[in-house]
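Please look through the model below before reading my comments, which I have set out as numbered points for someone new to reading structures.

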Amino acid sequence: MVRITEDLVRRRAEHNNCEIFSLEEISLHQQDIEKLEYLDKWCRDLKILYLQNNLIPKIENVGKLKKLEYLNVALNNIERIENLEGCEELRKLDLTANFIGELSSIEALKHNIHLKELFLVGNPCTEFEGYRQFVVATLHQLKCLDSKQIERSERIQALQNYPEVKKKIREQEQAYLLKRAREKEEAQRRMQKRRDKKQNQMESKHGFDRPDCLQEKEKHQAERGEEQESQRTVEDDEDKRFWEEPTPYTPESRLETHRYMEEKRRAKENVRESKKKEKPLWTLVTAEGKVLNVNAPKLHFSLKDDEENNQIILDLAVYRHLDTSLLDIDVQPTYVRVMVKGKPFQLVLPEEVKPDSSSAKRSQTTGHLVISMPKAKEIILPQQKVATSVKHSDCNTLQKNARRSRQVEKLEVDPSKYSFPDITKIIQEKERIGLGPIKLQPEKTTETKNSYVDFENNKDVPPLI
């Protein structure tokens, strides 16, 4: 049974910032509500109230809504118009497709002096002879009945024939009430029959668990699969029989249909929940010890053999927005296993790897998981030999440079290898030709040059500096 709760009202009041005390309009349609309550206490300022397509059997708890102008309770189980005297501002009332058979109950709307529109289409009372005349003559404030304007001439004629029409309406009401009493008895009998049938089914199911029936249970244990299939066919037959069985359109049959559908829905939900709880056991390793390839999360992947770095690289296309804490990586010498949200991804490796030296990284752009696993067997490639020869040549050059540096550091005073510069030839004086003060300088004579003609260079004598 669905009740009107504060949480439901707040969820339906999103247009009013989820505030219910100042709410002026609310829609509670198609909520399977079976009782109208609490709205007159929580939402005193309501002006528009939508309650169509529910299971409300009675109009109640709306008398304190003084500002209510429009009430829509179409497609419900209402059988009588009542408890609307307090709705002083009520202007429009929609009772389409209900079960109103007491047409005389509209006299309760005489106090709603502002009521202008009334909808009673689809109710049993609309089949009564003189229905429209009775309503028009009873409610003087009405301007429109069942989407049809009430003319002045129609009202005058209805008032003239009102006593006769009222008598006919009373007689038809009594006949309808007797019919409804029979329908209620039949509905109760049908419901009791269905309950007894369910009780018998439950007892038959529990009977297999009794000690008297243990032998029968063992006998039928092998045929349990066939029994389940037969049970499904029986349920399908019952479902088909329920929908094909002709039943009168009454509030009881409507409520019974709703509860039947609710039971079916709950049964399906229970089956789904049981399937979710029963997690499948993944066979990752056989009984013989053979490791299997498993891709439960159904992810794309690629396995590359990096010969240059002597390692195996696994690129797993993990979901981009999946949190890294939901990943569990286990690298073994012969296989790698990644748990993605509890679902295993396992891959057998072509060669043995070093689990301790393996590393895992995740891309921040694509979310892919890259696992680098060095191989257990080290391979010496030709490129590595060239690299070693280059290293040897580098060592030779370093040794030569060290020797040269050592030779430069030694002090050698061999005059044959190193000669001192001639100081006299550092500055070569040119003959100056000019005027002015330059002529005042003493001119050099050639006698000085002649003085060095007879000079003898003795190597044993050090230079005169």
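The points below take up confidence, the nonpolar cores and the cysteines in turn.

1. This is a predicted model, and its confidence should be considered before anything else. The chain has an average pLDDT of 82, and 76% of the residues reach a score of at least 70. Two stretches deserve caution: residues 208-215 have a pLDDT below 50 and make four contacts beyond near neighbours in sequence, while residues 444-451, also with a pLDDT below 50, make one such contact. Where pLDDT is low, the predicted coordinates should not be read in detail.

2. The largest nonpolar core is made up of 52 residues, and those with the most contacts inside it include L71, L84, L93 and V135. Two or more residues of this core come from each of helix 1 (6-11), helix 3 (131-138) and helix 5 (162-207), with helix 3 giving the most, namely five residues. In soluble globular proteins, nonpolar side chains tend to be buried together.

3. To see this core from the position of a single residue, one may start at L84: when neighbours within four places in sequence are left aside, L84 is in contact with I59, V62, L71, L93, L109 and N112. Another core, of 18 residues, lies apart from the largest one, and among its members are L316, V331, V336 and I371.

4. Two cysteines may be checked for burial, for which the cut-off is under 20% relative accessible area. C43 counts as buried because its relative accessibility is 0%, and C125 is likewise buried because its relative accessible area is 0%. The count of disulfides in the model comes to zero.

Note on methods: Residues are numbered from 1 along each chain as its sequence is written. This is a predicted model: local features need pLDDT of at least 70, side-chain atom pairs count only at pLDDT 80 or more; totals for chains, interfaces and linings use all residues. Side-chain values use heavy atoms; hydrogens and water are left out. A nonpolar core is a set of buried Ala, Val, Leu, Ile, Met, Phe, Trp, Tyr and Cys residues joined through side-chain atoms within 4.5 Å. Buried means under 20% relative accessible area, exposed over 50%, partly exposed in between (1.4 Å probe, protein chains only). Helices (H or I, at least four residues) and strands (E, at least two) are DSSP runs, numbered from the N terminus. Contact means heavy atoms within 4.5 Å. pLDDT is the predictor's confidence in each residue, from 0 to 100. A disulfide is a pair of cysteine sulfur atoms within 2.5 Å.
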